[in-house]
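Visitor: I should like a close look at a single part of this model, taken slowly and with the contacts spelled out. Please begin with the term that the first contact requires.

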Amino acid sequence: MNFANACRLTLLAAIWGASFLFLRLAVPSLGPIWTISARIGLAAVFLALVAQALKQGFAWQHWREYLILGVFNTALPFLAYGFAARTLNASMMSILNATAPIWGAVIMALIIRKMPTFKVCLGLLIGILGVAVLVGFDRVVSQTGAALGIATCLSATLCYGIASAYTKLKASHIPSFQVAHGSMWGASLFLLPLFATSQPISTPTPVVWLAIAGLAILCTGAAYLLYFRLVREIGAASTLTVTFLIPVFGILWGTLFLGEHIGSNTLIGALIILLGTALVTGFNPLASRK
């Protein structure tokens with residue numbers, strides 16, 4: 001991996017790490033449904049403008065894949081994090097997000113009916129231990145609704161695992177940009193009834209609107225373009241390392257801008273979860289190269 005792509009990878013991690021900060025800023029005012037609907041709807045419009053600029057037509061024949069991936073890779077996990085943001089801090093959400101590859105490996109093993117290797121099973125157990133350390137000794141857990149927030153975060157990463165398996169089995173033939181663009185509209189369609197029947201909690205301030213813009217344009221639209229460029233240039237396996245960097249920035253932004261307390265259990269739990277994820281995915285930083 002050359003220096004430019006290493007910088008892009010770090011930038012992507014910083015952007016996706018910031019999404020948890022923006023959620024914490026927007027959800028108390030707009031509520032989860034309006035926050036996520038605005039995020040996805042504006043991102044869909046942004047990608048449509050990019051598609052027009054790049055003269056990328058919309059492949060309508062893949063509507064089924066767009067809808068399924070829109071639900072499981074975007075709408076449901078984004079909503080889950082939106083609800084979790086009411087009680088959990090940005091640091092904890094970003095760390096729990098790192099369990100997504102573990103779910104992906106487990107789901108693929110179930111689909112192909114092949115027993116995971118010892119290393120994958122060990123990684124799964126270590127990942128569970130990391131979650132236990134993270135949430136079992138954090139004062140955030142004592143807050144009302146925190147347990148439900150943790151469950152919704154893990155359900156979000158489960159959705160990512162389902163979407164990853166579906167992409168490998170049913171949508172790998174579709175160009176990456178088409179998947180990103182089409183699935184965003186699929187997610188918007190899925191959320192439309194919820195959006196139409198809900199209301200924001202309070203009148204949003206300029207900071208909230210900036211957070212929504214950051215979520216939609218930066219953390220979703222632009223991040224997807226950057227992600228798929230990295231997949232094209234350095235491969236999916238190397239791009240997967242962004243999973244290990246996102247918690248670093250999630251913790252950093254939460255500490256700097258929200259004054260979140262970082263205890264030793266947070267750092268220890270994060271390291272244990274990342275170790276489990278590395279074992280499950282077969283990630284080896286010493287062997288990661290283009």
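Guide: A polar contact is a pair of N or O atoms within 3.5 Å; within protein, one of them must be able to donate a hydrogen and the other to accept it. The model shown here is predicted. With that term in hand, consider Thr35, which lies in helix H1, residues 3-53. A polar atom of the Thr35 side chain lies 2.7 Å from the backbone oxygen of Gly31. Thr35 has a relative accessible area of 0% and is therefore buried, since buried means under 20%. Leaving aside residues up to four places away in sequence, Thr35 touches Leu23, Ala26, Val27, Leu30, Ile212 and Leu215.

Helix H10, residues 242-258, offers another view. Phe257 lies in this helix and, at 56% relative accessibility, counts as exposed. Together with Leu25, Val207, Leu252, Leu256 and Leu258, Phe257 makes a nonpolar surface patch of about 520 Å². Helix H10 supplies the largest share of that patch, four residues.

The aromatic rings complete the picture. The count comes to nine aromatic pairs. One of them joins Tyr227 and Phe228 edge-to-face, at 5.1 Å centre to centre and with 70° between the planes. Tyr227 is partly exposed, at 27% relative accessibility. The rings of Trp253 and Phe257 have centres 6.1 Å apart and planes at 45°, so this pair is tilted. Trp253 and Phe257 are four residues apart in helix H10, about one turn of the helix. Ring pairs also link Trp16, Tyr224, Tyr227 and Phe228 into a cluster.

Conventions:
Residues numbered from 1 in each chain as written. Predicted model: local features only at pLDDT ≥ 70, side-chain atom pairs only at ≥ 80, totals over all residues. Heavy atoms only, no water. Patch = residues over 30% accessible without salt bridge, like charges linked within 9 Å, V, L, I, M, F, W, Y side chains within 5 Å. Areas by Shrake-Rupley, 256 points an atom, 1.4 Å probe, with all protein chains shown as cover. Salt bridge = Lys/Arg side-chain N within 4 Å of Asp/Glu carboxyl O. Helix = DSSP H or I, 4+ residues; strand = E, 2+ residues; numbered from the N terminus. Buried < 20%, exposed > 50% of the residue type's maximum accessible area, 1.4 Å probe, protein only. Contact = heavy atoms within 4.5 Å. Phe/Tyr/Trp six-rings, centres within 6.5 Å; stacked < 30°, edge-to-face > 60°.
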